[in-house]
Structure formats: C-alpha cells, structure tokens
Amino acid sequence: MSYFESSVRVPLLISDPRRLVPHRVKENVSTLDILPTLCDIVGTSLIPGLPMDGISLLPHLEGKPGHDTVIAEYTGEGTISPLMMIRRGPWKYITCPTDPPQLFNLEKDPLELVNLAELANKTEGLTADEEEAKARFEKFEAEAKARWDFDAITKSVLLSQRTRRLVWGALNVGKFDPWDYNPNDNGTNKYIRSFLPLDELERRARFPPVDTYGRETRDIVVDQAGSHNE
C-alpha cells in the first residue's frame, strides 16, 4: 500500500444534466466528500457532532470555489504502522511512524521522484523553491501531529487484531462459520410454511390458476405462481 498517485488517484464522476453544467474539477476531492454532498443536494444536514472528514462538493459541481484538501488514513494490509496523507493543492505529504516522511510537489514533480521532506535538516544554500517546500513540510508536520495520535491508533489496531484472531480461532473449531456480513433474510416469505392451509398453498402453486375446486380460472391472487411473470 502506498499513497503514490498510481495507487491513490481514482476517477470520480457525478452527473445531473438537469442541474449541473458539465465541467472538470481540478481541485483535490475524496470519496469521503460524497455523503456531505448528497446531504447538500437533497437539502438536509448531517447529525451534529458526527465525525466527518468529508466536505460537500456542491460548490465544485456548481462551478464555484471549493475546498482543495484530501485527508487519507490507512491501517490495513501492506503497512506495519498507520499510514496517513494530506493532499492540498499541488502538495502531497505522507507520514508513517516506521518510514521517513515524504513531501512532493506534483505540479513540478508529477512522477513523485523528489522527496522534498529531505530538506527538513538542510539550513544553508536553499533556493526559493526549496525554502517554500521546507516551510510547507514544517506546517504539514505540525498539522499531522495535531490531527493524529499515532501511539493511540497503533494500540487500537493491535487490540482489534488480537480480538479478531480470538474470534477467528473460535470460528475454526467445529463447523466453520464465516464472519462475513450476512443481512437478515426472512425465510417465512420464501419457502413453504405451515401458516397457510395446505389446500390454499397448493392452489397458489398451480399455473394456470385454479379456483377452490381445482377448475381453471382467470382470477389471479397475490402470490399466485406466475402472477409476477415467474
């Protein structure tokens, strides 16, 4: 897992021909912005106090100035420590406790070959562009420190891993039962059950439909076999 452009950049298409004029948005936006955007479109608001990093895209969609910042967090496979990113304008800052920090100016370095974070310890002989990059890096470092408690996040992830390993071990004893999401499924409406009289149940199973005496009829009742183009 990485936050290089080839990994983190994905297309986002929004279409509403009745309301929006087609155009391209060049600012940084995120899939986290979708929920607040939908709320704005339908004229409602999020629950007060709900943690939400996303920001509505409605100004962007209407051709007005909008936000240009994306916050990304990753604690899954492919990294041994929390991996975070702040993307703002042409700048991309990446931080991870077990790796050196990274800073790229994607406008001048689209292939992300020059890690400007290496300027942090350089004090002499800096060009104007390098001075700007160093100042940006220091601000990103302070913002990341204020936003993320990496020790607390790491402890939370390790606790989650231990909990899931315990559950996984229990699931592998006896008949295996996966813990994948399984929505509620009311079988009483799908299978033959005893809440209907047997004669009525069998009558509904006939097609063409029949009346109480088994004679073909044009009357189709709800749940009659074939009544919904089966």
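**Close-ups: aromatic pairs and a buried arginine**

There are four aromatic pairs in this structure, which is a predicted model.

**View 1. Tyr93 stacks on Phe140.** The ring centres of Tyr93 and Phe140 sit 5.4 Å apart with their planes at 10°, so this pair counts as stacked. Tyr93 belongs to strand 3 (residues 91–96) and Phe140 to helix 4 (residues 128–147), so the pair ties together parts that are 47 residues apart in sequence. Both partners are tucked away: Tyr93 is buried at a relative accessible area of 1%, and Phe140 is buried at 3%.

**View 2. Trp148 and Phe150 make a tilted pair.** Here the rings are 6.2 Å apart, centre to centre, with 50° between the planes. Trp148 and Phe150 are both buried. Trp148 has another neighbour to look for: Arg147 lies over its face, 5.7 Å from the ring centre.

**View 3. Three rings join up in one cluster.** Back at the stacked pair of Tyr93 and Phe140, bring Phe137 into the frame as well: Tyr93, Phe137 and Phe140 form one aromatic cluster.

**View 4. Arg87 is a buried arginine.** You'll find Arg87 in strand 2 (residues 83–88). Its relative accessibility is 12%, and since buried means under 20%, Arg87 makes the cut. A polar atom of the Arg87 side chain lies 3.4 Å from the backbone oxygen of Gly89. Setting aside neighbours within four places in sequence, Arg87 is in contact with a mixed crowd, including Glu5, Arg9, Asn28, Asp68 and Lys92. Thr69, Val70 and Leu106 are also among the contacts of Arg87.

Notes: Residues numbered from 1 in each chain as written. Predicted model: local features only at pLDDT ≥ 70, side-chain atom pairs only at ≥ 80, totals over all residues. Heavy atoms only, no water. Phe/Tyr/Trp six-rings, centres within 6.5 Å; stacked < 30°, edge-to-face > 60°. Helix = DSSP H or I, 4+ residues; strand = E, 2+ residues; numbered from the N terminus. Buried < 20%, exposed > 50% of the residue type's maximum accessible area, 1.4 Å probe, protein only. Lys NZ or Arg CZ within 6 Å of the ring centre and 35° of its normal. Polar contact = N/O pair within 3.5 Å; in protein donor to acceptor, adjacent residues only side chain to side chain. Contact = heavy atoms within 4.5 Å.
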